[in-house]
Amino acid sequence: MRRTIVNVPTVEPIGLTEAKRWLRVDHADDDGLIAALIKAARERIEARTGRALMAQTWRIVLDQWPAEARVMLPILPVISVTAVRVMDAAGAAMVLASVLYALEPGMEPPVLAVKSPPGPGRGRSGIEIDVVAGYGTTAIDCPEPLRQAMRLLLVAAYEARGPEREGVRRPDVIGEVERLIAPYRQLKISRSMLEDAR
C-alpha cells in the first residue's frame with residue numbers, strides 16, 4: 001500500500017494573524033517565514049500522529065485487494081471516500097459505483113469495505129482509492145490540543161531561526177508537544193489484529 005497527497009490543505013489550523021499574535025510580532029517582515037513555520041508545524045504534528053489536521057485529499061494505491069476486500073486506510077480521520085478505481089491490463093480505470101463501498105462505522109484506523117470488487121488486470125498499482133481526510137475545512141475544526149502543540153513548535157522554531165547566541169536559552173517544547181498529541185497518536189495495527197477484531 002502506497003499513499004500520495006493529491007490536494008494539500010487550503011487553510012492551516014493556525015492562521016498568520018493568530019500566529020503573529022502568539023509570537024508577539026507586529027510587523028510584516030517575517031510573514032513569509034511565519035507562514036512556512038506554520039506549515040512545517042502542521043506537517044510535523046501530522047507525521048507524529050498519523051492524522052490529517054485539515055481537509056486534504058490522498059490517493060491510496062494497492063496492488064491487490066486484501067482479504068474480504070476490507071482496506072485499512074492509512075490516514076485518519078476520514079471525511080469521505082471520493083473514488084475507488086480498478087485498473088485493467090491496459091491501465092484503463094473502471095470507477096466503482098459509490099454504492100459498492102462504505103466505511104465501516106466506529107473503526108480506527110478506518111476500514112473501507114468493498115462489495116464484490118473486480119480484480120485488477122495488472123499486478124502492480126491496480127487499485128486506487130481517493131480519500132478526503134482531516135478534521136474539517138476551518139481552523140476551529142482542528143482539536144485544540146493539536147493546535148496548541150503547533151503553537152509551541154512555532155514559537156520554538158521562530159526563536160531558533162538565527163544563529164545560536166551565548167546566554168540566550170531556546171525553548172525546549174518537545175516533551176509538552178508529545179503530551180498534547182499523545183491521545184491522538186494512531187496505533188500501528190497489524191492485519192492479524194484487524195482480523196481478530198472481526
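Let me start with how helices H2 and H3 sit against each other in this predicted model: their axes come within 9 Å and cross at roughly 130 degrees, and H2 and H3 are therefore oblique to each other. That angle of roughly 130 degrees is below the cut-off, since only angles over 145 count as roughly antiparallel. The crossing in which H2 passes H3 is right-handed. On the H2 side, the contact is made by Leu33, Ile34, Leu37, Ile38, Ala41, Arg42, Arg44, Ile45 and Thr49, and on the H3 side by Leu146, Ala149, Met150, Leu153, Leu154, Ala157 and Tyr158. Sorted by class, that contact of H2 with H3 comprises 13 nonpolar residues, one polar residue and two charged residues.

Now to the next pair, H3 with H4. Here the axes come within 8 Å and cross at roughly 165 degrees, and H3 and H4 are therefore roughly antiparallel to each other. The hand of this crossing, as H3 passes H4, is left-handed. The residues that make the contact are Pro145, Leu146, Gln148, Ala149, Leu152 and Leu153 from H3, together with Ile174, Glu176, Val177, Leu180 and Ile181 from H4. In terms of class, the contact of H3 with H4 divides into nine nonpolar residues, one polar and one charged. If you compare the lists on your screen, you will find Leu146, Ala149 and Leu153 of H3 in the contact with H2, and you will find Leu146, Ala149 and Leu153 again in the contact with H4.

Which residues of H4 are buried? In this helix, which spans residues 174–181, they are Val177, Leu180 and Ile181. Looking down the axis of H4, one sees these buried residues fall within an arc of 90 degrees, so they line one face of the helix. As for what that face meets, the buried residues of H4 pack against helix H2, residues 31–49, and against helix H3, residues 144–159.

I would like to turn next to helix H1, residues 16–23, where Ala19 has its place. Ala19 is buried, with a relative accessible area of 1%, and, once its neighbours within four places in sequence are left aside, Ala19 is in contact with Ile14, Ile34, Ile38 and Leu154. Of these partners, Ile34 and Ile38 belong to the H2 side of the contact with H3, while Leu154 belongs to the H3 side. There is also a long step in sequence to mention here, in that Ala19 and Val155 are 136 residues apart along the chain and 8.9 Å apart in space, taken from C-alpha to C-alpha.

Lys20 is likewise placed in H1. Is this lysine buried or exposed? Lys20 is buried, with a relative accessible area of 15%, which is below the cut-off because buried means under 20%. Not counting residues up to four places away in sequence, Lys20 touches Val25, His27, Ala28, Asp31 and Ile34.

Stepping back to the whole protein chain, we have five helices and eight strands, and from the N terminus on the elements run β-α-α-β-β-β-β-β-β-β-α-α-α. Of the 198 residues in the protein chain, buried residues make up 42%. If we consider contacts with a separation of 6 or more, residues 24 or more positions apart account for 77% of them.

Finally, some backbone details in the loops, beginning with the cis peptide bonds. The peptide bond from Leu76 to Pro77 is cis, with omega near -10 degrees, and Pro77 lies in the loop between strand S3, residues 70–72, and strand S4, residues 78–87. A cis peptide bond also joins Glu108 and Pro109, where omega is about 0 degrees, and Pro109 is found in the loop between strand S6, residues 101–103, and strand S7, residues 111–114.

Then there are residues with a positive phi. Ala69, although it is not a glycine, has a positive phi of about 50 degrees; Ala69 lies in the loop between strand S2, residues 56–62, and S3, and at 6% relative accessibility it counts as buried. Ser125, again not a glycine, has a positive phi of about 55 degrees, and Ser125 lies in the loop between S7 and strand S8, residues 127–133. Whereas Ala69 counts as buried, Ser125 is partly exposed, with a relative accessible area of 24%.

Methods: Residues numbered from 1 in each chain as written. Predicted model: local features only at pLDDT ≥ 70, side-chain atom pairs only at ≥ 80, totals over all residues. Heavy atoms only, no water. Buried < 20%, exposed > 50% of the residue type's maximum accessible area, 1.4 Å probe, protein only. Helix = DSSP H or I, 4+ residues; strand = E, 2+ residues; numbered from the N terminus. Arc of directions from axis to C-beta. Contact = heavy atoms within 4.5 Å. Axes fitted to C-alpha atoms, helices over the stretch in contact; angles between N-to-C directions. Parallel < 35°, antiparallel > 145°, perpendicular 65-115°, else oblique. Left-handed = near helix turned anticlockwise from the far one by under 90°. Nonpolar A, V, L, I, M, F, W, Y, C, P; charged D, E, K, R; others polar.
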